[in-house]
Structure formats: structure tokens, C-alpha cells
Amino acid sequence: LGPNYALTFIGANLSITIRPITVTADNISKVYGDTDHLTYHITSGSLAGSDAFIGSISRNPGENVGRYAIGRGSLTLNNNYLMTFRESTLEITPRAVIVAADNKTKIYGNPDPNLTFQITSGSLVNGDAFIGAPTRNPGENAGNYSINQGNLALTGNYSLTFNGARFNITQRPVSVTADLKT
């Protein structure tokens, strides 16, 4: 102040309180065998200045189809924050696989060839395999028979679609030569 005043200053305390912040893990889903991409966002409050989160969120272990809790994991902030964390869920859904049987042919009276199939859409996760095998409708006479799924299956981590094929039994060629008679 100017010379007309006698200034007396009485100090006070500045109190910096803990900053509240709420973080929520995002509900996500993934297909069996795909990589996790866990994410979160701030649902109330905010970070100050250049402050940043340290660590990461995590989920309960397991890779089979089902639901798994996503938790705080090692996610933290410095001591200036009071962080509230809201958990969520990761859902693992079945992996779609489509297979198609291969058309097969045999000559009447010969043994059946192996019934085979190909994956036409999707893929198996490393180490997984089909169990069982396709079958064909019964019959041994010349004609067309359907190739069906039979007991071909995958674990519950998959949604399997089977496209059938045809099994053709062709006529057996027979040559007959008459005996020369006199």
C-alpha cells in the first residue's frame, strides 16, 4: 500500500486436499483365442497437470469361453489422489469355425476312402484339434449318399458349422468275354 497506510499482514494456511477420481474398467468381449485389449476411462474427476496413471488393469485368469472380472491390477496414481476403481467384465465368446466335407467317390465293392474335410472359415487356436469324424449315410449300392457331420466336434470354445458333401458309389466295370466254342 502507499505511505498513508500501516500494513500488517497475517498469514494463513493453504490446504491442498486429496483429489478424488473414479476410474471404470470398460466391459469388453473377445473371441476365444484372440488377444486381450483391456481398457479403462475416467468417469469422474480428472488428472491435474502432467500427472499420469502408473501400472495397468488386469483380469481374472482363464482363456475358455466365459466371463472374467476385470480389476484394478497394478493401476495407481500418486498420493495426491484418492482413486476409486469400478470393476467390469471381459466376456470370451466362442470362435466360429466352418468346415466343408470333401466329395468322395468309390467303385462298388471297394472299401470306403477316408472322409476328409477342410476349414473354409475361421481357424483353430494353437494346440486345439477336432475330435471325431464325419460319416456318410449307409448303403453299398451304386448311387449318391450324403456325407454328414457324424461325431466331428470341437470343444465348447468353438461354434462349429458343418457343410456336407456327396459320397458317390460308381458302378463296378466288368468285362465278360464269351468262350470260343465250336
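Is D112 buried, partly exposed or exposed? I looked this up before anything else, and D112 came out partly exposed, with a relative accessible area of 36%. My cut-offs: buried means under 20% relative accessible area, exposed over 50%, and partly exposed in between, with a 1.4 Å probe and protein chains only.

**Ground rules**

I am working with a predicted model, where local features need pLDDT of at least 70, side-chain atom pairs count only at pLDDT 80 or more, and totals for chains, interfaces and linings use all residues. I number residues from 1 along each chain as its sequence is written, and side-chain values use heavy atoms, with hydrogens and water left out.

**Entry: salt bridges**

I searched the whole structure and found 10 salt bridges. I count one when a side-chain nitrogen of Lys or Arg is within 4 Å of a carboxyl oxygen of Asp or Glu.

I went back to D112 and found its side chain in a salt bridge with that of R136, at 2.7 Å from N to O. D112 sits in the loop between β9 and β10 (117–121) and R136 in strand β11, so this pair ties together parts that are 24 residues apart in sequence. For strand names I use DSSP runs numbered from the N terminus (strands are E, at least two residues; helices are H or I, at least four). R136 is buried, at 14% relative accessible area.

Next I checked K106, whose side chain meets that of E140 in a salt bridge of 2.8 Å, N to O. This pair links distant parts of the chain: K106 is in strand β9 (residues 104–107) and E140 in the loop between β11 (135–136) and β12 (143–148), 34 residues apart. K106 is buried, with a relative accessible area of 6%, while E140 counts as partly exposed at 44%.

Then I turned to K30, which forms a salt bridge with D36, with 2.6 Å between the closest N and O atoms. K30 is buried at 8% relative accessible area, and D36 counts as partly exposed at 25%. I also noted that K30, D36, R59 and E63 are linked in a network of salt bridges.

**Entry: aromatic pairs**

How many aromatic pairs does the structure hold? I found three. Rings of Phe, Tyr and Trp (its six-membered ring) pair if their centres lie within 6.5 Å; planes under 30 degrees apart count as stacked, over 60 as edge-to-face and the rest as tilted.

One of the pairs is Y32 with Y158: the ring centres are 5.3 Å apart and the planes stand at 75°, so I logged the pair as edge-to-face. Y32 is in the loop between β2 (28–31) and β3, and Y158 is in strand β13 (residues 158–163), so many residues along that I wrote the separation down: 126 residues apart. Both Y32 and Y158 are buried.

Another pair is F117 with F130, also edge-to-face, at 4.9 Å centre to centre and 75° between the planes. F117 lies in strand β10 and F130 in the loop between β10 and β11, so the pair ties together parts that are 13 residues apart in sequence. F117 is partly exposed, at 22% relative accessible area.**Entry: strands**

I traced an open sheet of three strands with the order β3-β1-β6 and mixed pairing. Its edge strands are β3 (40–44) and β6 (81–86), each pairing on one side only. Neighbouring strands of this sheet are turned by 35° against each other on average, direction ignored. For that angle, axes are lines fitted to C-alpha atoms (for helices, over the stretch in contact), and angles run from 0 to 180 degrees between N-to-C directions. I take two strands as paired if DSSP finds at least two bridges between them.

β1 and β6 run parallel, joined by six bridges. Within β6, F85 is the bridge partner of V23.

I then followed β11 to β12: these run antiparallel and are joined by two bridges. T135 stands opposite N148 in β12. The hairpin of β11 and β12 has six residues between the strands, and in this hairpin G139 takes a positive phi near 145°.

From β12 I moved on to strand β14 (residues 165–170), which runs antiparallel to β12 with five bridges between them. Here I147 stands opposite A165 in β14.

**Entry: a surface patch**

Which residues make the nonpolar surface patch of about 420 Å²? I listed L1, Y5 and L7. Patch residues have over 30% relative accessible area and no salt bridge; like charges are joined within 9 Å and nonpolar side chains (Val, Leu, Ile, Met, Phe, Trp, Tyr) within 5 Å. The areas come from the Shrake-Rupley method with a 1.4 Å probe, and for residues only the protein chains shown count as cover. Y5 has its place in the segment before β1 (19–25), and Y5 is exposed, with a relative accessible area of 57%.
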